[in-house]
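The following exercises concern a single chain and one of its helices. Please examine the sequence and the coordinates before reading the solutions.

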Amino acid sequence: MDETLKLRVNGVEREVRAEPATPLLYILRNDLGLKGTRFGCGEGHCGACTVLVDGKPLQSCDTPLWSAAGHDITTVEGLSREGAPHPIQQAFIGEQAAQCGYCINGIMMSAAALLERNPDPSEAEIVAALERNLCRCGTHVRILRAVARAAQMLRDGRRES
Amino acid sequence: MSGAVSPPSLPLSLKTNPRLERWLRFNPDRTVTVRSGKVELGQGIVTAIAQIAAEELDVSLDRLRWVAGDTSASPDEWYTAGSQSIEVGGLSMRLVCAEVRQLFVQAAAAELEVGIEELQVEDGVIGVPGTDVRTSYWDLAARVSLARDVTGTVPPKPASAHTVVGKSVPRRDLAAKLSGAAYVHDMELPGMVHGRVLRPPSLTASLEKFDAAAVRALPGVVAVVVSGNFIGLCAEREEQALRALAAAERAAAWKMGAALPASNEIGEFLDKLPSTRSVVHAKGREDPDGDGKAVTRVEARYTKPYLAHASIGPSCAVARVEAGRLTIWSHTQGSHHLRAQIAAALGMPLAEVDVIHRDGPGCYGHNGADDVALDAALLARACGRPVRVQWTRADEFTWSPCGSAMIVRMRAGMDAGGRVVDWQHEIWSHTHIKRPGWAEGINLLAAWHMDPPHPVPPPKDTPLPTGGATRNSIPLYDFPRQEVAYNFIAEMPLRVSALRTLGAYMNIFVIESFMDELAAAAHADPVEFRLRHLSDPRARAVVEAATKAADASARQDGPGVRGRGIGFGRYKNASAYCAVVADIEVAEKVRVRRVFAAVDAGEVVNPDGLRNQIEGGVVQAISWTLKEAIRWDRERLLCRTWEDYPILKFDEVPAIEVVLLDHPGLPGLGVGECAAGPTAAALANALANALGVRVRDLPLTPERIAAAM
């Protein structure tokens, strides 16, 4: 049975009407038009659908809508500030850390959560933070470099042009 | 194809699409529309070919508008496959743009009443430097007709004049992908519904009973299509389509078909299947005493499992029927082939079908992209609304064609001086290419499942020189007597087709593993042993460069036993040269610590893009080599989730150093697939170096290593 539920997505209060068991992913993509969150497996294994819920990375494909209601949700669209790409996005573009790019937004969300709580992570800490993200094109080396670069940029408190 | 009208030097894409207007158009807003048949698969090709066009036209990159893989507009350039996009697609674009530039410069000279030699082109403006005598592509566009055939006779710029080609230009497509909607998956059309398909539980199962009414009664369901063994459904909302799919699975009863092989060990069944043997390559075999000098004989048998594409994103397509016209948006590798296949499958005139390429998740060969396009077309026709169909993860693992399993038996003889005097390479495998449009018949799943069904076309592998199972089976070494035989197995217990490198991954793994085995028998250093049989200077150069890079780096200490190995190949014996050195540690499992790859791809268009392709090829090959194999029981495939088919994770990836040996002025060589085989061999050779055991069955799992010890 459909219900009306309230969510705060990328800082904006949203109201959606859907079956409460609906995976959050479909609400974000189809009801709210936030297509940057990708479907990969539907089982929480690959991390392509990772979003932040109250700052913590969560796989939106197996998170039911009801459990996200009332929480603060951030998608990749919410990373950019005033239309400018977030330093994490800038760092990934700067390192050209993508091949097909399909896994990257989920990876950037995992990285955003990491850098929020640990501004100066070691490589081992970055690797650990991406433990739930898969990449098939084999872009791992660049991704690790991009996260380290994003950390540096955030620490420096400046953006690349 | 008629060869009479085209100069023999024209690349294939220009022979089939000679009209200049098919490739380029100058727009009133001072941009240039560039049309290519080569599409973005995550390999960065759109950026590289744009660099080539910008270079030859002398326009800035940001003036280029790109239309790729649209059957109503783009040239038919076969498939985007086989590391051919730079070699053929890039060369074609280069010749077209050089010729167009010359036509415009000639027209400008006439218009401005100056000599051709006085004119220069700068960002599309054609003029005499230092004066205000100028015009432009756009000013002249109405007067210069591109409705003519390319001649291929206008020389492109010399490499020394390049300012865009050879530079690391950022990918054109990444900003969108890293911020929001970018893939076919993200399309939304007015009135669009969500489709899913319930596939049979196995390749040969057939539907006995299905309660469609139970599915139709579910919330949001707008159509349920049952035709033979094809069951498809559409719903208003995506989660409703998924619930309907789960219900459909419960509502269907299937009769299971032929049993799958009793063993998952390739060596236990593959070469026992019926096969047809042919000698596909022989050299020096006419002398019956030619191997009389052999004093040492070595034999070995190697196996490779069936592999999955395992792209992170599932196959997806959007289809719409409007005024009798079917339009499909697809991440296919071959829009024109797919269009013809879908028209034939549905019995529609070709003129009423369009296929438009949209980017998709990583494509490593013939995956489910084409199949899901027909799924979407069938459902769009049935429900009268635009439909977006996306495969499930299990669909992706069990229905995307997999890479064919192989067995290779090697025999060689060496003389007293440690030189190979006889070399025999014998392959058992299925076809490695069963793409839609590759051979006669229709190669689309739903076409086989619908009623009446289209027959599954008989398999046909691609012969040398490019080769399918035989790709890279001819050794690059100077062996006086060589023979390659292929036992072609028509029977396919699993659905197989093109997966990155086709047979090259395995053949290079085998040749390079066997070279180390021979070097050991000759008590020789593996690198020196290769070089003593290798006269091609470009081949020697990559072997030496990779070795030098590895020697220059400090070895890392770790808890395991350390080993180093090398592998070398030249993809398809004609594309890029690549040598890989791997440093590993073996404790409870193999950990790859550092990889050094040296690559000669002729002229490099985009060095950073090339490095990205090599790094990706190395990582994917490590994953295949250490972890991957499709498993089954007698009834069905058992790999349905990432837990059943693990791939390499972040904590298993090594540091990678890529050394590029650039040769400006030489033809650009395809690189997308060159690293896989050398990487696999480097790992097996490093393992033998570490532990003194040779593992010949892929993947190199802890169980296999323990069994070999």
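**Exercise 1: The chain as a whole**

Among contacts in chain A between residues at least 6 apart in sequence, 59% join residues at least 24 apart. The model is predicted.

Task. Describe the secondary structure of chain A and state how compact the chain is.

Solution.
1. Counting the elements gives six helices and five strands in chain A.
2. Along the sequence, these elements follow the pattern β-β-α-β-β-α-β-α-α-α-α.
3. The radius of gyration of chain A is 15 Å, and the globule rule gives close to this value, 15 Å, for 161 residues; chain A is therefore as compact as a globular protein of that length.
4. The C-alpha trace of chain A spans about 45 × 30 × 25 Å along its principal axes.
5. Of the 161 residues in chain A, 56% are buried.

**Exercise 2: The surroundings of helix 3**

Task. Determine how many residues of helix 3 of chain A are buried, and what covers them.

Solution.
1. Helix 3 of chain A comprises residues 87-94.
2. A residue counts as buried if 20 or more other C-beta atoms lie within 10 Å of its own.
3. By this criterion, six of the eight residues in helix 3 are buried, and the helix is mostly covered.
4. The buried residues are A:Pro87, A:Ile88, A:Gln89, A:Gln90, A:Ala91 and A:Phe92.
5. Their cover includes helix 4 (104-117) and helix 6 (140-156) of chain A.
6. After helix 3 comes A:Gln96, which has a positive phi, near 50°.

Technical notes
Residues numbered from 1 in each chain as written. Chains lettered and ligands numbered in written order. Predicted model: local features only at pLDDT ≥ 70, side-chain atom pairs only at ≥ 80, totals over all residues. Buried ≥ 20, exposed ≤ 12 C-beta atoms within 10 Å, placed from the backbone. Helix = DSSP H or I, 4+ residues; strand = E, 2+ residues; numbered from the N terminus. Contact = placed C-beta atoms within 7 Å. Rg over C-alpha atoms; globule rule 2.2 N^0.38 Å.
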